[in-house]
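Reader: I'm new to this structure and would like a close look at one part of it. Could you pick a part and walk me through it slowly?

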Amino acid sequence: MKFNKIKLIMIATILSFTAYNCSNDDDSGNNDPMQQIPLDFSGTYIQEDQMGRPAINTVFVDMADKSMFNMTVPSDQNAAFQNKFQTKLEALNPAHTDPMYTNALGFNAEEFTTALATDVLTVSLTGTTTFFDGTNVLTGRALGDDVISTELLLIFGGPAGTDNPGLTDDNVDANDKPFLSTFPYLASPW
């Protein structure tokens, strides 16, 4: 249940790449997908959705700001939304109103919401790939990472991750089906 939205996004992405790279004319001799489908990049394009980190947009962006947040380029998001994110964080967990109070990352409310307000998923190409494993922080995301529990821990857990124990875990500890050991790695949605 936890990964249903992520599964759908991954499946849609895989299907779009598959549809783009497949041709019903197998004997054309032309295996270059760029030559098979003419691309037209003319026109005006806009950013319609930001979901770099799961649940951040959902929890921290008010409904009235959804469209503006989704269309704001990540490099401008911190300036536009950090104060709003901090206000929301302090409402969710009033302990964050104390500037000395930190979460498991050692971030106070301003530092934490500064990191959250830029909605990008950072990826380490040389280290551990994880959302948060107690040591490595936001260095990517493995399929089995429990991102919702991590986010709850960082919002409600305090410096040792032990504050508010009823609010720091969604109690969904694994995907409903095992992940595949080969590409596309995701379990079948049904």
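Author: Let's begin with pLDDT, the predictor's confidence in each residue, on a scale from 0 to 100. You need it because this is a predicted model: local features here call for a pLDDT of at least 70 and side-chain atom pairs for 80 or more, while totals for chains, interfaces and linings take in all residues. Residues are numbered from 1 along each chain as its sequence is written, and side-chain values use heavy atoms, with hydrogens and water left out.

First, the whole chain. Its mean pLDDT is 81, and 79% of the residues reach at least 70. There are seven helices and zero strands, both being DSSP runs numbered from the N terminus (H or I over at least four residues for a helix, E over at least two for a strand). Read in order, that gives α-α-α-α-α-α-α. By mean pLDDT, helix H1 (residues 4-21) comes lowest at 49, while H5 comes highest at 95. Over residues 15-29 pLDDT stays under 50, and the model has seven contacts beyond four places in sequence for that stretch; a contact means heavy atoms within 4.5 Å. Where pLDDT is low, the predicted coordinates should not be read in detail.

So let's spend our time on helix H7 (147-156). Eight of its ten residues are buried, so H7 is largely enclosed by the rest of the structure. Buried means under 20% relative accessible area, exposed means over 50%, and partly exposed is in between (1.4 Å probe, protein chains only). The buried ones are Val147, Ser149, Thr150, Glu151, Leu153, Leu154, Ile155 and Phe156. Across the chain's 190 residues, 31% are buried. Helices H3, H5 and H6 are among what covers the buried residues of H7. After the helix comes Gly158, with a positive phi near 70°.

Now zoom in on one H7 residue, Leu154. Its relative accessibility is 7%, so Leu154 counts as buried. Skipping residues up to four places away in sequence, Leu154 touches His96, Asn103, Ala104, Leu105 and Phe112. Thr168 is 14 residues from Leu154 in sequence, and their C-alpha atoms are 7.9 Å apart. Links across the sequence show up in the chain as a whole too: of the contacts between residues at least 6 apart, 52% join residues at least 24 apart.

Leu154 also borders an internal gap. Searching the whole structure turns up one cavity of 30 Å³ or more. Think of a cavity as a set of points on a 1 Å grid over the protein atoms alone where a 1.4 Å probe fits but cannot get out, with lining residues having an atom within 4 Å of a point. The largest cavity holds about 70 Å³, a volume being the space filled by probe spheres set on the grid points, which are joined across faces, edges and corners. Around it sit Ile56, Leu105, Phe112, Ala115, Leu116, Phe131, Leu138, Glu151, Leu154 and Ile155. Helices H6 (109-117) and H7 are the elements giving two or more residues to that lining. Sorted by type, the lining has nine nonpolar residues, no polar ones and one charged. For that sorting, Ala, Val, Leu, Ile, Met, Phe, Trp, Tyr, Cys and Pro are nonpolar, Asp, Glu, Lys and Arg are charged, and the others, Gly among them, are polar.

From there, step over to H5, one of the helices covering H7. Gln86 sits in H5 (residues 74-92) and is buried, at 18% relative accessible area. Outside its neighbours within four places in sequence, Gln86 is in contact with Ala109, Glu110 and Thr113.

H5 takes part in salt bridges as well. The search finds two in the whole structure, a salt bridge being a side-chain nitrogen of Lys or Arg within 4 Å of a carboxyl oxygen of Asp or Glu. One joins the side chains of Asp62 and Lys88, 2.9 Å from N to O. That pair links distant parts of the chain, 26 residues apart: Lys88 is in H5, while Asp62 is in the loop between H3 (56-60) and H4 (66-71). Asp62 is partly exposed at 38%, and so is Lys88 at 23%. The other joins Lys84 and Asp65, with the closest N and O atoms 2.9 Å apart. Here Lys84 in H5 is tied to Asp65 in the loop between H3 and H4, 19 residues away. Lys84 counts as partly exposed at 36%, whereas Asp65 is buried at 12%.

Terms used: 1 Å grid on protein atoms, 1.4 Å probe; cavity = no way out; pocket = protein on both sides within 12 Å on 5 of 7 lines; lining within 4 Å.
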